[in-house]
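Me: I've got a model open and I'd like to talk it through before I go back to the bench. Can you take my questions one at a time?

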Amino acid sequence: MKILFATLVLFSLVMPAQSVAQAEEEVKIIPDVVYGHKFGMALTFDVFQPEKPNGAGVLFMVSGGWYSRWTEPQNMLSWFKPLLDSGFTVFCVRHGSSPKFKIPEVVEDVRRSVRFIRLHAKEYGVDPNRLGVWGGSAGGHLSLILGTTSDQGEPDAKDKVLQQSDRVAAVAAYYPPTDLREFVEETSPYYQRFPALQFDKELADDFSPLLQVTPDDSPTLLIHGDQDKLVPISHSENIMQQFKEKNVPAELLVIEKAAHGFKGDDQTRASQAVVEWFQKHLQGQSK
């Protein structure tokens, strides 16, 4: 179950073989781009380039329980099809996984992925100022971290990647954990179930998006089921209140009777909302 924290939903859409074949013909896939290294191993993402790109890019956080699983890029086409059909270039980002790596190290990875893509944006045909991020559950948490705690990079860094900003222009998050303070207590069932939470609890505030909201945060779409038992909807409701108080453009879409992981019509509705959010905040404008 640790691995499946959010990844159950990752492959919930199935396309007919004919549709998949057609999508493969229309989408250019650049697999396994190396954006960094850890312990001598590569950190990678896949690039999905639509036939008619609109110049904006969306990073998808492959993360369930802060575990980042690999799959053949073609298997992700159905998941990304709504965005690709709207002209968005999609970056399928993997990070160092639990149980080896904890949340502070995972966050460092996804920050680097944004910096790397910004540095090489021209190569992928995207505007470096029109990058969005999207994920579900742990991936939603990472998306919110990027939306609420970005920086401008280190101008004097020897590594050109680290010189780049990790700011994103828009965020979409499915059922995200937003407050980790309780989760990192050793008595918490989450602490035992998800090893990525086993880090210094004194750092929990730094990695709780709820506590990091400021007026300059990225416009954020939250989507949550009101029957979610794993990550209660209060996580989205509470950060939504913070967004309102700080005047951050944000919306909360509540999926009635939905639990952790959307299926069928619920998934279609959520996916459509994500596309519309990024169209509103990324497409046809430079931030």
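Me: Leaving aside its neighbours within four places in sequence, which residues is Lys 201 in contact with?
Reply: Keep in mind that this is a predicted model. Lys 201 sits in the loop between α7 (189–193) and β7 (220–225). Once its neighbours within four places are set aside, the residues in contact with Lys 201 are Val 184 and Glu 185.

Me: And how far is Lys 201 from Glu 186 in space, C-alpha to C-alpha?
Reply: In sequence, Lys 201 and Glu 186 are 15 residues apart. In space, going C-alpha to C-alpha, the distance between them is 9.2 Å.

Me: Is Lys 201 buried, partly exposed or exposed?
Reply: Buried means under 20% relative accessible area and exposed means over 50%. Lys 201 comes in at 43%, so the class for it is partly exposed.

Me: Let's zoom out. What share of the chain's residues count as buried?
Reply: The chain's secondary structure comes to 9 helices and 8 strands. Among contacts with a separation of 6 or more, 79% are between residues 24 or more positions apart. Of the chain's 287 residues, the share that counts as buried is 57%.

Me: Which helix gives the most to the largest nonpolar core?
Reply: That core has 52 residues, and Phe 45, Leu 59, Trp 66, Phe 91, Ile 103 and Leu 197 have the most contacts inside it. The top contribution is 7 residues, and it comes from helix α4 (residues 103–119).

Me: How many residues are in the second, separate core?
Reply: Leu 77, Ala 170, Ala 258 and Phe 278 are included in that second core. Leu 77 also turns up among the buried residues of helix α3 (residues 77–85), along with Trp 79 and Phe 80. The size of the second core is 34 residues.

Me: Back to the largest core: which residue in β4 stands opposite Val 47?
Reply: β2 and strand β4 (residues 89–93) pair in the antiparallel sense over 4 bridges. Leaving aside neighbours within four places in sequence, the contacts of one β4 residue include Phe 45, Val 47, Leu 59 and Tyr 124, and that residue is Phe 91. The partner opposite Val 47 is Phe 91.

Me: How many of the residues of β2 are buried?
Reply: Strand β2 (residues 41–49) is mostly covered. Strand β2 has 9 residues, and the buried count is 7.

Me: What stands opposite Lys 28 in β2?
Reply: Strand β1 (residues 28–38) pairs with β2 in the antiparallel sense over 8 bridges. Their hairpin has 2 residues between the strands, and Phe 39 takes a positive phi near 50° there. Opposite Lys 28, in β2, stands Gln 49.

Me: Which element gives the largest share of the lining of the largest pocket?
Reply: About 340 Å³ of space lies in that pocket. Of its 14 lining residues, the closest to the centre are Met 41, Ala 42, Leu 43, His 95 and Gly 96. By class, the lining has 6 nonpolar, 5 polar and 3 charged residues. The largest share, 4 residues, comes from β2.

Me: Why does Asp 109 count as buried?
Reply: Asp 109 has its place in helix α4. Neighbours within four places aside, it is in contact with Tyr 35, Lys 38, Leu 43, His 95 and Gly 96. The cut-off for buried is under 20%. Asp 109 counts as buried because its relative accessibility is 4%.

Me: Any backbone geometry to look at? Which peptide bond is cis, with omega near 5°?
Reply: Look at the loop between β4 and α4, where Pro 99 lies. The cis bond runs from Ser 98 to Pro 99.

Me: Where is Ser 137, and what relative accessible area does it have?
Reply: Ser 137 has its place in the loop between β5 (131–136) and α6 (138–148). It takes a positive phi of about 60° although it is not a glycine. Ser 137 is buried, with a relative accessible area of 0%.

Me: And what is the relative accessible area of Asp 32?
Reply: Asp 32 is found in strand β1. Its phi is positive too, at about 50°, although it is not a glycine. Asp 32 is partly exposed, and its relative accessible area is 39%.

Methods:
Residues numbered from 1 in each chain as written. Predicted model: local features only at pLDDT ≥ 70, side-chain atom pairs only at ≥ 80, totals over all residues. Heavy atoms only, no water. Core = buried A, V, L, I, M, F, W, Y, C linked by side-chain atoms within 4.5 Å. Buried < 20%, exposed > 50% of the residue type's maximum accessible area, 1.4 Å probe, protein only. Contact = heavy atoms within 4.5 Å. Pairing = 2+ DSSP bridges. 1 Å grid on protein atoms, 1.4 Å probe; cavity = no way out; pocket = protein on both sides within 12 Å on 5 of 7 lines; lining within 4 Å. Points joined across faces, edges and corners; volume = space filled by probe spheres on them. Nonpolar A, V, L, I, M, F, W, Y, C, P; charged D, E, K, R; others polar.
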